[in-house]
Structure formats: C-alpha cells, structure tokens
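Me: Could you take a close look at the charged surface of one chain for me, and add a few words on single residues that go with that picture?

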2 protein chains.
Amino acid sequence: MQFSSKLAIATHILLVIAEFSDKEKITSEFISSSTNVNPVIIRNMLLKLQDAKIIQTKAGVGGSELTKPLNKITMRDIFYAVEEDKDLFKFHANPNEDCPVGRNIHKLLDKRFDNAKEVMFDELSKITLDQLKIELDKLIKK
Amino acid sequence: MQFSSKLAIATHILLVIAEFSDKEKITSEFISSSTNVNPVIIRNMLLKLQDAKIIQTKAGVGGSELTKPLNKITMRDIFYAVEEDKDLFKFHANPNEDCPVGRNIHKLLDKRFDNAKEVMFDELSKITLDQLKIELDKLIKK
DNA sequence: TTTAGTTGTAATGATAAATATTACAACAGA
DNA sequence: TCTGTTGTAATATTTATCATTACAACTAAA
C-alpha cells in the first residue's frame, strides 16, 4: 500500500552523479555501492533516466552524466522517468453492476482519486535537484 | 507501486450501508456480493471501521450501521481506518553510510515525502460521504 | 433450549508486484 | 586484442495483497 522505492533510488542516483561526476566515472557499480541496490536494477533505471533525457550514459566505456541544469530537474520528472503512470489507488476488480453502488463506484471515485494524485505531484514538482544538492552540500560540510 | 484497493472497497462498503441499511440488514455476505470481494475480507474491514467508530456491527444477529452523520465521515478518515499509516514512498533498505549521499538521503527526502503525502490527504479530507451519497443518488435516479 | 444465520478470527493458499541474481553479447577505448 | 562497462534477457527470491477454508462465539427467534 505504498509506492516502490524507485523514486528514492533514482533521486539517490542523480545526486551521486551531481556530486561526483566531475571527479570520478559514475558506473552502475559505483552507484550500486552507494545505494546498496543491485547493479542491474541501477542499469535499468539509468536507461529510463536516459529515455527521459535527464542523463546520458556512455556505453562501452561507462559513466553517466546529467544533461540538464539541476534546477530543471524536479522530483516529478524523476518519478515519471522511473515509474509507470498508474492510478494512485487501486480498485476492487469486479464491483457488481447489478447493484447501484457497484455500478457507480468508479464514477464517484475516479476523478476524486485523480485529483488527490494531482496535488501530490504538484508538490513533487516544486522540489528540484538543485535544492536537494544545496541542502546536501550543507550537510556534508558539517 | 500504488495503494491497495482498501480505500475504494471501504468507501463502497460505507455507501452500501448509507444507501440500504434502513431497508435491509447489511451483512458481510450482502456487501460481498455488491463489491465482489471475499466476505472474510469484508468482515475484517468492518472490524477496522468499527475500531474507528465509523460503524457498528451486531455480532451474532448481523448487520452494520453508520454511527455518525455522513458529513462527518471523510475519505481521509476511511483511509486511516482501513490502511496502516505507512510512508507514501518506500526507500531502498541500506544506503551506504560511508557515502555522503547514502548517509544523507533520508534527511533530504523524508520531510519532502511527508509533505507530499500531507497535501494528498488534505485533499481526501475534503471529500465527505455525504457528498458521495448525494452524487450517487443523482446517478441512480437517472 | 435448540436452531439458524452471522460475526470474529486464525490459518493457509494463491496471485501479483518488487527486487535480486546470473549470464552474456555488444560496445568503446587503451 | 584486452579490459571494463553497458544493455538486456531470463530466472529466482521476497514481499504484499487478496482469497479461501474452517470453526468457535454470539444473538435472536422458533
């Protein structure tokens, strides 16, 4: 009853790239050791982040870099890069069409669920990688 | 990567009670046939709705009724009655504490995830059973 | 006080989703 | 050509969700 860890992992990945890609080659192995997530999972996420044009990865030689300025990447972008755009809440599969409630439950709830989802993603869209990196750098310096 | 169907089912249950409890005895079997969800699952949800003082159920003889006026029951209340209060987004389990990013990823994201969750539940708190029943009755009359 | 129908509850099973693992071909540069 | 890496498939493991079976406890009515 909650979202997967993909958003947290993808954000972690991008912060590692933002923080270290000028000094080191950021391989899936490197990211795997920072996140403790299997390197194949990381590679699949790197592919999705590439599809979303958030990073580019050098095949063969290896290493990933950001393709956009940090303030142009929001957590909403990251979410949609790595997760599918499903509805926020699931429904029971076969409500009884012969019952007035069963027949109308989707009509009643669909738009309201969508709305709840929308305000949540609006919040996520206000968070940029930029803000996260500034806060991270403060935490590191202490 | 989404919420379970518990909220939709629980809302369905309460609407069935609101709509029919004056005319018929609302048993778990009755609700099961309207939702097409297993009666034991329904009974467990009825228990949680009882704990939350949203309904009362007659043991032995059977039948459930609402204990509050419809405009005092929000979808936020229903959610918390039947779902656990987990975080909205999961995290990867063991980020590397020796990496500056791994060490700080929770500090960076926890409050932001909580905030996104909060605005979503604020939206759910604006939806009352009352509103749903009025809309449902309109749909039924057509 | 027995009967019938229902709830409360445990235990187990089935299904689906998330994550991990193994394996290897394709690639790029040294 | 060698080395390290990515891209990708296939499979396995783990976890969560939902369904099912079973039955004791309860309540009212016969």
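Reply: Here is a walk through the charged patches, followed by two residues away from them. Keep in mind that this is a predicted model.

Let's start with the negative side of things. Asp87(A), Asp110(A), Asp114(A), Glu118(A) and Asp122(A) together make up a negative patch on the surface. One of these, Asp114(A), sits in helix 5 of chain A, which covers residues 100-125. Asp114(A) is partly exposed because its relative accessibility is 39%, and that class lies between the 20% and 50% cut-offs.

Now for the opposite charge. Lys6(A), Lys48(A), Lys86(A) and Lys90(A) come together as a positive surface patch. Among them, Lys48(A) belongs to helix 3 of chain A, residues 39-51. With a relative accessible area of 35%, Lys48(A) is partly exposed too.

Leaving the patches, have a look at Leu66(A), which is part of strand 2 (residues 64-66) in chain A. Its relative accessible area is 22%, so Leu66(A) goes down as partly exposed, given that buried means under 20%. Along the chain, Leu66(A) and Leu14(A) are 52 residues apart, yet their C-alpha atoms are separated by 7.7 Å.

Last, hop over to chain B. Asn104(B) lies in helix 5 of that chain, residues 100-125. Asn104(B) counts as buried because its relative accessibility is 4%. As for what its side chain does there, the side chain of Asn104(B) reaches the backbone oxygen of Pro100(B) at 2.8 Å.

Methods. Residues numbered from 1 in each chain as written. Chains lettered and ligands numbered in written order. Predicted model: local features only at pLDDT ≥ 70, side-chain atom pairs only at ≥ 80, totals over all residues. Heavy atoms only, no water. Patch = residues over 30% accessible without salt bridge, like charges linked within 9 Å, V, L, I, M, F, W, Y side chains within 5 Å. Areas by Shrake-Rupley, 256 points an atom, 1.4 Å probe, with all protein chains shown as cover. Salt bridge = Lys/Arg side-chain N within 4 Å of Asp/Glu carboxyl O. Lys, Arg positive; Asp, Glu negative; His and termini not counted. Charge placed at Lys NZ, Arg CZ, Asp CG, Glu CD. Helix = DSSP H or I, 4+ residues; strand = E, 2+ residues; numbered from the N terminus. Buried < 20%, exposed > 50% of the residue type's maximum accessible area, 1.4 Å probe, protein only. Polar contact = N/O pair within 3.5 Å; in protein donor to acceptor, adjacent residues only side chain to side chain.
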